[in-house]
Amino acid sequence: MGSCGTWAWQELLVLLSSLLWLWADSAQPTPPGPTPNPGPQLKFRLAGYPRKHNEGRVEVFYNDEWGTICDDDFTLANAHVLCRHLGFVAAVGWAHSAKYGKGVGRIWLDNVNCAGGEKSIGDCKHRGWGNSDCSHEEDAGVVCKDERIPGFKDSNVIESEQSHVEEVRLRPVVSGARRQLPVSEGIVEVRYKDGWAQICDEGWDSRNSRVVCGMMGFPAEKKVNRNFYKRLKRAARMKGRSLRPSGRLVSKSQPKQKHREDVGPRKRLFSERQQLNYRLHSVSCTGTEVHLSMCAFEFYRGNASAACRAGMPAVVSCVPGPLFTTANGHKKKQRQQQQGQQRIRLKGGAKVGEGRVEVLKSSEWGTICDDRWNLLSASVVCRELGFGSAKEALTGARMGQGTGPIHLNEVQCLGTEKSLWSCPFKNITQEDCKHTEDAAVRCNIPYMGYETLIRLAGGRTMFEGRVEVKQGSKWGTVCSDGWTTKEAMVACRQLGLGYSLHAVTETWYWDASNVTEMVLSGVKCAGHEMSLSHCQHHGTSLSCRNTGTRFAAGVICSETASDLLLHASLVQETAYIEDRPLHMLYCAAEENCLASSARLANWPYGHRRLLRFSSQIHNNGRADFRPKAGRHSWVWHECHRHYHSMDIFTHYDILTPNGTKVAEGHKASFCLEDTECEEGVAKRYECANFGEQGITVGCWDLYRHDIDCQWIDITDVKPGNYILQVVINPNFEVAESDFTNNAMKCNCKYDGHRIWVHSCHIGDALSEEANRRFERYPGQLNNQIS
């Protein structure tokens with residue numbers, strides 16, 4: 001029994017030792033042989049144009065080949081992961097639809113879905129490497145926060161600096177242009193490493209100049225006096241002199257104050273004291289390119305100090321558009337305007353040179369369908385309007401939906417046309433397009449430096465704060481007397497921050513800087529200006545009712561805004577007259593919805609004559625329309641048992657043809673809600689149970705003709721021919737991307753018993769001549785309206 005037990009213990013020990021050996025063996029590193037092959041090392045780079053160093057099209061090096069990423073399902077979380085790959089701490093945005101230009105080669109990733117914390121883009125969900133149904137028109141880009149990861153080794157970030165040109169500038173060389181903006185003449189330079197390099201002008205022609213001028217925001221180029229610059233180069237080379245910022249040629253061997261020589265009777269140079277560094281040569285453009293990188297050219301390789309011996313730096317002179325010319329140019333613009341109205345315009349953009357493209361056809365403004373809309377056609381639009389070439393050709397109503405007809409479809413410009421109307425296009429049919437496909441543009445505009453004269457202080461984000469402006473060398477605040485949405489819109493535009501969300505008149509909670517002096521007061525803007533300095537103001541004679549930083553002007557800006565407009569034809573279809581007994585108008589009288597003469601009436605006997613109609617107000621913008629006042633300050637009206645979220649939402653007026661009001665009323669915000677929405681858009685706002693008020697993008701609020709105050713009291717109006725006018729958001733309480741379409745007008749004839757309403761249209765929907773005909777309309781002889 002004992003020997004048997006001993007044998008059993010020996011067997012058990014052997015078994016345990018073998019198990020321990022197996023466990024220890026499994027804990028050792030796996031030998032290289034059987035290890036599965038890890039995926040190829042990923043490399044990343046930013047490419048494209050135009051861009052800064054921290055943004056661009058994302059390109060991935062996988063399986064020995066560079067490729068792009070499709071923008072399908074792309075999110076900010078994806079951008080965070082990619083920016084960390086590139087050595088930046090985080091992403092601040094991303095771009096779709098090949099904003100930075102179309103890549104070449106493979107599209108490596110599609111339908112990427114990251115949580116944001118992944119260490120590699122390969123760890124995110126996607127369709128598989130190389131499995132994509134996209135084209136390069138859908139290449140994704142990122143905008144990274146301009147802050148590097150500490151200690152980041154960028155061995156996996158490849159910059160293909162030898163194969164593309166991205167940043168270009170004009171360096172002025174004429175002394176008179178040193179401080180004058182915009183710079184319209186100078187040496188063409190390209191960004192190279194940490195500095196700038198020149199282009200050899202051998203073979204340079206006007207087509208190359210046209211491309212550079214377009215990039216700089218100018219519609220056209222003009223001939224340069226090349227001999228003048230050539231004489232300067234020869235003089236400097238022969239006499240051993242360098243160019244100093246003083247504007248004179250100065251000998252290297254003599255002190256500056258003892259040698260002086262003017263170069264030419266009118267022009268002198270002020271260039272940096274440096275040796276020319278040529279980077280490009282043999283540039284050959286067709287003239288239709290929107291960026292120099294799209295032209296054919298060659299790089300100088302190695303030491304380029306001896307390059308371009310037969311030439312000189314390329315010099316370009318551009319013709320500024322009407323908005324950016326001097327006083328003489330302004331007079332020229334006025335003369336051009338007197339010759340005839342322009343047949344193209346931009347609407348709905350936050351900045352100068354961007355917006356939805358609208359064209360004038362048959363005296364009516366309409367939009368363009370985005371089918372085949374590209375940079376060539378967009379550039380023709382931009383140059384026709386006095387800007388440079390197009391930075392972006394936007395599709396899908398990216399600048400909001402227009403109204404009225406869609407005039408053109410499949411516009412296909414070559415890029416050389418003087419006007420969009422010279423380009424081939426198709427006339428629209430009802431089935432072709434909807435306003436969700438309205439085309440838009442972003443144009444290159446000249447650098448004016450306006451953003452350096454304004455800043456925000458104390459805000460929680462970069463989009464809000466107290467406004468501070470620079471007057472001379474001194475920063476100061478702006479008086480908030482009369483500070484409205486229009487002034488705030490100009491401030492946000494000057495800051496480059498989009499639209500104004502709120503105009504703030506008390507900013508004590510943003511008092512975060514040491515600036516206490518007020519330097520600007522009496523600011524009154526029309527709303528379209530590029531800078532607050534272009535608005536009316538008191539100048540040096542400051543006057544402010546409420547002084548101190550507590551009452552300094554402030555803004556809250558937003559990249560998007562709402563855009564309200566009235567359904568004009570519905571007003572025309574539903575207008576009628578009702579004689580309503582006074583005993584049914586007590587609530588209306590309480591809300592000031594009757595003419596002032598109603599106070600003298602013999603209540604409750606008698607009646608008031610009311611012009612009634614329905615109003616359907618659409619939000620065609622890119623942000624919900626929300627009342628400025630918070631719900632805590634909404635006013636409860638016991639009589640009608642509803643809250644008013646705005647003091648005045650619409651004005652209803654009857655005008656004589658010369659504009660004199662003969663009857664007026666106002667419609668307080670009965671309740672802002674989504675009555676109906678377009679297909680696929682969900683309602684967000686309703687009035688029931690003290691609900692949130694507003695109008696969602698793609699929805700409309702309907703005020704039926706049979707509700708109280710949806711009328712104009714015309715009891716005292718005499719028979720005659722009049723204009724019915726409805727203005728939405730008349731006091732600009734809520735910011736919109738476009739206030740010019742807030743008014744609607746109709747012709748109407750009142751014979752004392754009946755009224756005929758016709759020719760209803762949005763205020764800016766017709767040509768200037770058609771508007772003049774509308775205002776001079778002699779009236780109806782009968783009710784047959786043709």
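Ser562 touches a broad set of partners further along the chain: Asn619, Gly621, Arg622, Ala623, Asp624, Phe625, Ala735, Glu736 and Ser737, leaving aside residues up to four places away in sequence. This is a predicted model, and here Ser562 sits in the loop joining strand S28 (554–558) to strand S29 (564–566). With a relative accessible area of 2%, Ser562 is buried. One of its contacts is polar: the Ser562 side chain comes to 3.3 Å from the backbone oxygen of Ala735.

Let's turn to a small sheet. Three strands form an open sheet in the order S30-S31-S39, paired antiparallel. Strand S30 (576–581) and strand S39 (711–713) are the edges, each pairing on one side only. On average, neighbouring strands of this sheet are turned by 35 degrees against each other, direction ignored. Between S31 (residues 607–612) and S39 there are 3 bridges in the antiparallel sense, and Arg612 stands opposite Trp711 in S39.

Now for some backbone geometry. Most residues other than glycine have a negative phi, and most peptide bonds are trans. Two prolines follow cis bonds in this model, and both lie in loops:

| Cis peptide bond | Omega | Loop holding the proline |
|---|---|---|
| Leu181 to Pro182 | near 5 degrees | between S7 (168–171) and S8 (185–192) |
| Trp603 to Pro604 | near 0 degrees | between H9 (586–590) and S31 |Positive phi values also turn up in loops. Ser97 has phi near 55 degrees and lies between strand S4 (91–95) and strand S5 (106–109). At 41% relative accessibility, Ser97 is partly exposed. Glu410 has phi near 50 degrees and belongs to the loop between strand S20 (406–409) and strand S21 (426–427). Glu410 has a relative accessible area of 17%, so it counts as buried.

Notes: Residues numbered from 1 in each chain as written. Predicted model: local features only at pLDDT ≥ 70, side-chain atom pairs only at ≥ 80, totals over all residues. Heavy atoms only, no water. Helix = DSSP H or I, 4+ residues; strand = E, 2+ residues; numbered from the N terminus. Buried < 20%, exposed > 50% of the residue type's maximum accessible area, 1.4 Å probe, protein only. Polar contact = N/O pair within 3.5 Å; in protein donor to acceptor, adjacent residues only side chain to side chain. Contact = heavy atoms within 4.5 Å. Pairing = 2+ DSSP bridges. Axes fitted to C-alpha atoms, helices over the stretch in contact; angles between N-to-C directions.
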